[in-house]
Amino acid sequence: MANERLLIVDDELAIRIALRTAFSRENMIVSEASCGVEALRLLKTQEFDLVVLDIMMEDIDGYTILQQLRADGIMTPVLMLSGKQEEMDQVLGLGLGADDYLTKPFHLSVLIQKAKALIRRNRIYSRQKSNGIQVGPFRFDTMKLECYKDGERLNLTARELVLFRFFLEHPGQVFTKEQLYHQVWNENVVDDNTIMVYIKRIREKIEDDSKKPAYLKTVRGIGYIFNEKR
């Protein structure tokens with residue numbers, strides 16, 4: 001993931017600087033708002049992949065900002081930050097349309113992972129809106145359960161379709177054989193040979209050269225990763 005656009009909304013300068021530095025290291029494009037009014041203005045005039053929203057601010061609290069966003073039909077993922085640990089505060093935030101909730105203090109690594117997960121989930125959802133998943137040259141028709149490359153139907157078996165769909169839904173993520181076996185076969189006992197056979201078969205059908213895969217690659221010592229670009 002790279003060049004995602006984030007909006008950080010927090011009235012504490014020190015926190016904005018820390019978050020901006022952390023997200024910028026992940027090659028994300030970061031904008032900032034120091035108050036609710038500024039945040040609403042930016043959200044109505046620009047598009048973002050994620051909003052990191054503090055709840056306790058002087059002019060407009062995060063709950064009100066969130067309510068206004070959803071009322072205006074802005075469905076950008078929102079990760080709420082709060083110094084409150086009460087369960088009801090979390091329930092309220094999620095009930096108003098927040099996508100996740102993080103209580104201060106928190107580790108920046110946890111924040112980064114939550115942010116990436118929300119962006120990834122939203123992109124998958126956007127791809128599936130039209131009954132299909134579009135990733136690079138590949139399109140998976142979720143109604144007909146068919147997969148195409150550059151408009152041509154791929155002759156994948158039922159199990160190959162399930163495995164390849166899983167990769168299409170998680171581009172850029174590395175999965176171990178254990179994770180793949182659990183997700184696709186729904187079993188905890190892993191058959192390494194089965195995974196290797198299915199990966200080989202899929203490569204023969206999706207790659208220009210299965211011996212030099214450009215999309216479904218091996219991560220040595222770990223597992224496999226699907227890249228949407230060559």
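Select serine 31 to start: leaving aside its neighbours within four places in sequence, this residue is in contact (heavy atoms within 4.5 Å) with Arg5, Leu6, Leu7, Ile8, Gln46 and Phe48. Serine 31 sits in strand E2, residues 29-33. Helices here are DSSP runs of H or I with at least four residues, strands are E runs of at least two, and both are numbered from the N terminus. Serine 31 counts as buried because its relative accessibility is 17%; buried means under 20% relative accessible area, exposed over 50%, and partly exposed in between, with a 1.4 Å probe and protein chains only.

A word on what you have loaded: this is a predicted model, where local features need pLDDT of at least 70, side-chain atom pairs count only at pLDDT 80 or more, and totals for chains, interfaces and linings use all residues. Residues are numbered from 1 along each chain as its sequence is written, and side-chain values use heavy atoms, with hydrogens and water left out.

Now zoom out to the whole protein. Its secondary structure comes to eight helices and twelve strands. Of the 230 residues, 43% count as buried. Take the contacts with a separation of 6 or more: 53% of them are between residues 24 or more positions apart.

**Next stop: H2 and H3**

Select 36-45 (helix H2) and 62-71 (helix H3): they pack at an angle of about 20°, with axes 10 Å apart. Axes are lines fitted to C-alpha atoms, for helices over the stretch in contact, and angles run from 0 to 180 degrees between N-to-C directions. H2 and H3 are therefore roughly parallel to each other (that label covers angles under 35 degrees; over 145 is roughly antiparallel, 65 to 115 roughly perpendicular, the rest oblique). Show side chains and you'll find Gly36, Leu40 and Leu43 of H2 meeting Ile65, Gln68 and Leu69 of H3. By class, this contact has four nonpolar, two polar and no charged residues. Nonpolar covers Ala, Val, Leu, Ile, Met, Phe, Trp, Tyr, Cys and Pro; charged is Asp, Glu, Lys and Arg; the others, Gly among them, are polar.

**Then: the four-stranded sheet**

Move on to the open sheet E6-E7-E8-E9, with antiparallel pairing; two strands pair if DSSP finds at least two bridges between them. Strands E6 (132-135) and E9 (152-153) are the edges, each pairing on one side only. In the middle of your selection, E7 (138-141) and E8 (146-149) run antiparallel, joined by four bridges. Pick phenylalanine 138 and look opposite for lysine 149 in E8.

Add helix H6: it lies across E6, E7 and E8, at about 120° to E7.

**Last: the three-stranded sheet**

Follow H6 (158-169) to its other sheet contacts: H6 also lies across E10, E11 and E12, at about 65° to E12. These three strands form an open antiparallel sheet in the order E10-E12-E11. E10 (174-176) and E11 (216-219) stand at the edges with a single partner strand each, so one side of each has no neighbour in the sheet. On average, neighbouring strands are turned by 35° against each other, direction ignored.

Which residue to click in E12? Try isoleucine 225: it is the bridge partner of valine 174, and lysine 217 stands opposite it as well. Between E11 and E12 comes a hairpin with three residues in between, where glycine 221 in the turn has a positive phi of about 80°. Finish with helix H7 (177-185), which lies across E10 and E12 at about 85° to E10.
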